[in-house]
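Open your viewer, give each chain its own colour, and follow along. We will go from the whole assembly to the finer contacts, one selection at a time.

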Protein chains: 2
Amino acid sequence: MDTTSERRPVDRRKQVLEAAARSFAAFGYKATTMDRVAKTAGVGKGTIYTFFSNKEELFEQIVKDLIGELKAVAERTLDPALPFADNLLRILQQVLAYRDRHGLIVKLSQEVKEFGTPMATGGLEAVERSIIAYIAGHVTEAIDKGEIRSVDPALTAYMMLKMYLALTDMGRHLHEPLDADEVLANFRLYCLEGLAVG
Amino acid sequence: MDTTSERRPVDRRKQVLEAAARSFAAFGYKATTMDRVAKTAGVGKGTIYTFFSNKEELFEQIVKDLIGELKAVAERTLDPALPFADNLLRILQQVLAYRDRHGLIVKLSQEVKEFGTPMATGGLEAVERSIIAYIAGHVTEAIDKGEIRSVDPALTAYMMLKMYLALTDMGRHLHEPLDADEVLANFRLYCLEGLAVG
DNA sequence: GAAATGACCAAATTGTTATTTTGGTCATTT
DNA sequence: AAATGACCAAAATAACAATTTGGTCATTTC
């Protein structure tokens with residue numbers, strides 16, 4: 001749209017975005033103050049409001065950027081030569097590992113549990129929706145190619161994510177946590193084999 | 001152990017349990033006071049402490065009773081003549097419907113979301129564990145009878161509950177909520193068909 | 001004169017203290 | 001011996017003061 005990065009003495013918008021990304025990841029949504037973002041970005045507070053109409057909009061842009069990173073990770077992991085099932089597992093693994101390592105996600109999760117900050121909840125939901133939408137796209141492709149049965153792509157993607165998360169998140173239940181290989185094997189068992197053609 | 005219900009002018013223990021069950025269901029854990037329970041039960045406060053050493057123990061007994069009710073619902077639903085898959089679906093449907101209609105569960109869920117009361121969390125977890133354990137028992141049976149593959153019963157029961165809940169709880173996601181038939185059909189698709197022998 | 005700024009303000013958050021409520025006890029009553 | 005409710009320390013809540021925060025805008029900067 002309007003990426004004026006021709007070479008300018010200072011790209012204040014970029015400075016703001018970087019400072020905000022660091023602050024949201026380090027302190028969460030509510031503990032991030034516009035004053036500190038301005039200070040960290042080396043910019044007057046009023047300047048932030050020339051790019052973003054308020055704190056919420058700034059935060060939403062940070063989340064959008066993160067979703068972009070996740071998509072990039074997925075695209076980098078995708079190998080068109082591989083069958084759907086293998087790509088699905090590789091992508092889930094890579095994307096969710098990246099997600100769990102990303103400071104912003106970790107901090108927002110903690111903030112939701114501790115304070116229930118609505119903005120943090122919203123951010124995490126946006127990330128989850130984008131992952132589901134991305135998987136749904138590949139499910140659609142796989143259906144077209146006849147690799148899996150004809151199922152509702154959005155519902156299937158939703159179930160796949162939930163199942164994968166259930167497997168990785170078994171901490172508090174009878175079992176001790178599953179290691180990566182066990183997660184993969186069980187995901188195949190509970191999800192993919194039920195979808196196999198024929 | 002010590003069920004002295006020979007016929008006594010008043011069974012104070014029972015009165016306390018009934019008053020407590022009503023109060024926990026109506027007001028949740030923290031908003032239930034021992035004073036009110038005593039008053040409602042028509043009993044002196046000190047009397048409660050002759051049966052239960054503290055509020056937590058009283059609450060745990062109420063939860064145990066609820067779990068007993070859930071087991072009764074399950075047993076009533078179980079039809080030994082039917083194959084495993086049918087019984088599983090019927091039981092999940094009946095038990096979770098009962099659970100969602102039970103005032104105590106509904107209230108505790110709300111309390112967890114609103115205040116994060118640890119006792120409420122613990123109570124809900126106990127209910128969930130008991131459901132998983134109950135299903136796991138039937139999974140074991142089904143394996144012995146050769147009705148399903150040889151899988152880890154506890155893990156499978158856990159996954160079954162999570163999948164069923166994911167299907168019933170799709171409110172906030174793309175789709176509008178699924179009706180009962182759709183839930184059943186999709187549960188078969190995503191879970192059972194992957195487990196079918198052969 | 002357009003872009004950038006920070007002092008400024010109402011509203012929200014946090015810190016503090018006073019008041020009330022609650023879980024649990026135990027001397028007294030039944 | 002079983003039941004009770006006045007009683008108490010500790011915890012929760014209310015009431016209020018002090019601080020912080022998101023957002024604005026008159027002024028400054030280039």
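To compare two copies of a chain, they are superposed by least squares on the C-alpha atoms of residues with pLDDT of at least 70 in both. That cut-off applies here because this is a predicted model.

**Stop 1: the two protein chains.** Select chain A and chain B together. A turn of 179 degrees and a shift of 0.1 Å along the axis lay chain A on chain B, with an RMSD of 0.1 Å. The two copies are therefore related as by a two-fold rotation axis.

**Stop 2: where the chains meet.** Next, show the contact between the chains, to which chain A brings 18 residues and chain B brings 18 residues. On chain A, pick out α8 (153–168) and α9 (180–195), the elements that give two or more residues to the side touching chain B. Which of them gives the most? It is α8(A), with seven residues. Colour this side of chain A by class and you should find 12 nonpolar, four polar and two charged residues. Of the interface residues of chain A, 100% are also interface residues in chain B, so the copies meet through the same surface.

**Stop 3: DNA strand C.** Now move to the DNA and select the 15 residues that surround strand C. Zoom in on the closest: A:G44, A:G46, B:T33, B:G46 and B:N54. At least two residues each come from α3 (45–51) of chain A and from α2 (34–41) and α3 (45–51) of chain B. The largest share belongs to α3(A), which supplies four residues. By class, this surface holds three nonpolar, seven polar and five charged residues.

**Stop 4: DNA strand D.** Switch to strand D, which is surrounded by 15 residues, the closest being A:T33, A:G46, A:N54, B:G44 and B:G46. Two or more residues are given by each of α2 (34–41) and α3 of chain A and α3 of chain B. Here α3(B) gives the most, with four residues. The classes near strand D are three nonpolar, seven polar and five charged.

**Stop 5: a helix pair in chain A.** Finally, select α1 (residues 12–27) and α2 of chain A. Their axes come within 8 Å and cross at roughly 125 degrees, so α1(A) and α2(A) are oblique to each other. The crossing of α1(A) and α2(A) is right-handed. Show side chains for A:Q15, A:V16, A:A19, A:A20, A:R22 and A:S23 on α1(A), then for A:R36, A:V37, A:T40 and A:A41 on α2(A), as these make the contact. Five nonpolar, three polar and two charged residues make up this contact of α1(A) with α2(A).

Terms used:
Residues are numbered from 1 along each chain as its sequence is written. Chains are lettered from A and ligands numbered from 1 in the order in which they are written. This is a predicted model: local features need pLDDT of at least 70, side-chain atom pairs count only at pLDDT 80 or more; totals for chains, interfaces and linings use all residues. Two residues are in contact if their C-beta atoms, placed from the backbone, lie within 7 Å. Ala, Val, Leu, Ile, Met, Phe, Trp, Tyr, Cys and Pro count as nonpolar, Asp, Glu, Lys and Arg as charged, and the others, Gly among them, as polar. A residue is near a molecule or strand if its C-beta atom, placed from the backbone, lies within 6 Å of it. Axes are lines fitted to C-alpha atoms, for helices over the stretch in contact, and angles run from 0 to 180 degrees between N-to-C directions. Angles under 35 degrees count as roughly parallel, over 145 as roughly antiparallel, 65 to 115 as roughly perpendicular and the rest as oblique. A crossing is left-handed if the near helix is turned anticlockwise from the far one by less than a right angle, and right-handed if clockwise.
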